[in-house]
Amino acid sequence: MNLTLDGPPTVSEEECSDCGAHFTLTKNFVLDGDGPYAIAFAALHQHGGEFEAWIDVILGTFEGAADDDRTTFGARVGPVDSSREPAATAVQAAIPYEDGQTWGTKLGRQEALAHPRITDFWIVVDFILETDPHVNHHVYGHLDH
């Protein structure tokens with residue numbers, strides 16, 4: 001699969017509803033050879049000295065009227081106890097966002113792991129981690145190697 005970004009990410013500063021700290025939110029439109037493929041939101045938080053990216057990926061139809069097939073997956077990417085490298089874990093999708101047509105069905109962890117498009121989701125997460133400079137620096141730029 002040959003994914004590309006439809007231009008640079010949209011970047012905004014937001015306020016964490018849990019702790020009030022500011023964080024960066026990036027939004028990316030991901031294309032494949034056939035056109036729109038996914039929308040990815042990455043919330044870049046720093047809590048307790050840990051750098052985390054909460055990535056929500058919307059898969060489905062993005063052109064025309066058939067947008068009722070959208071499904072949103074969620075991942076937390078950050079430190080884990082057993083590794084020096086950050087790890088990605090499936091989590092409840094789009095936690096801080098209100099339900100709506102944009103998100104379609106928001107999957108919980110177990111639903112996501114059993115979903116037929118789980119592989120597509122992980123491909124987009126890896127792609128965003130590699131290609132969005134804000135996400136890449138936030139997740140990997142603070143590691144001691």
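1. Strand β1, residues 4-5, pairs with strand β3, residues 22-32, in the antiparallel sense, and two bridges hold the pairing. One residue to look for here is Thr-4, whose bridge partner in β3 is Leu-31. Please keep in mind that this is a predicted model.

2. Strand β2 covers residues 10-15 and is joined to β3 by six bridges, again with the strands running antiparallel. To find this pairing in the structure, start at Glu-14, which stands opposite Phe-23 in β3. The hairpin of β2 and β3 has six residues between the strands, and within this hairpin Gly-20 takes a positive phi near 85°.

3. Strand β4, residues 35-47, also pairs with β3 in the antiparallel sense, this time over nine bridges. Within that pairing, Thr-24 has Leu-44 in β4 as its bridge partner. The connection from β3 to β4 is a hairpin of two residues. When tracing β3, a student may find one general point useful: in a regular strand, side chains alternate between the two faces of the sheet.

4. Is Thr-26, a residue of strand β3, buried or exposed? Thr-26 is buried, because its relative accessible area is 0%, and the cut-off for buried is under 20%. The side chain of Thr-26 also makes a polar contact with the side chain of Asp-132, at 3.1 Å.

5. Which residues surround Thr-26, leaving aside its neighbours within four places in sequence? Its contacts include Pro-9, Thr-10 and Val-11, then Ala-40, Phe-41, Ala-42 and Leu-44. Further along the chain, Asp-132, His-134 and Val-135 are in contact with Thr-26 as well. Of these, Asp-132 is the residue already named for its polar contact with the Thr-26 side chain.

6. How many disulfides does the structure hold? The number is zero. Cys-16 is in no disulfide, and the nearest cysteine sulfur to it, that of Cys-19, is 3.7 Å away. As a reminder, a disulfide is a covalent bond between the sulfur atoms of two cysteines. Why is there no bond between Cys-19 and Cys-16? The sulfur of Cys-19 is 3.7 Å from the sulfur of Cys-16, which is too far for a bond, because a disulfide needs the two sulfur atoms within 2.5 Å.

7. The surroundings of these two cysteines should be noted too. Cys-16 is buried, with a relative accessible area of 6%, whereas Cys-19 is partly exposed, with a relative accessible area of 43%.

Note on methods:
Residues numbered from 1 in each chain as written. Predicted model: local features only at pLDDT ≥ 70, side-chain atom pairs only at ≥ 80, totals over all residues. Heavy atoms only, no water. Pairing = 2+ DSSP bridges. Helix = DSSP H or I, 4+ residues; strand = E, 2+ residues; numbered from the N terminus. Buried < 20%, exposed > 50% of the residue type's maximum accessible area, 1.4 Å probe, protein only. Polar contact = N/O pair within 3.5 Å; in protein donor to acceptor, adjacent residues only side chain to side chain. Contact = heavy atoms within 4.5 Å.
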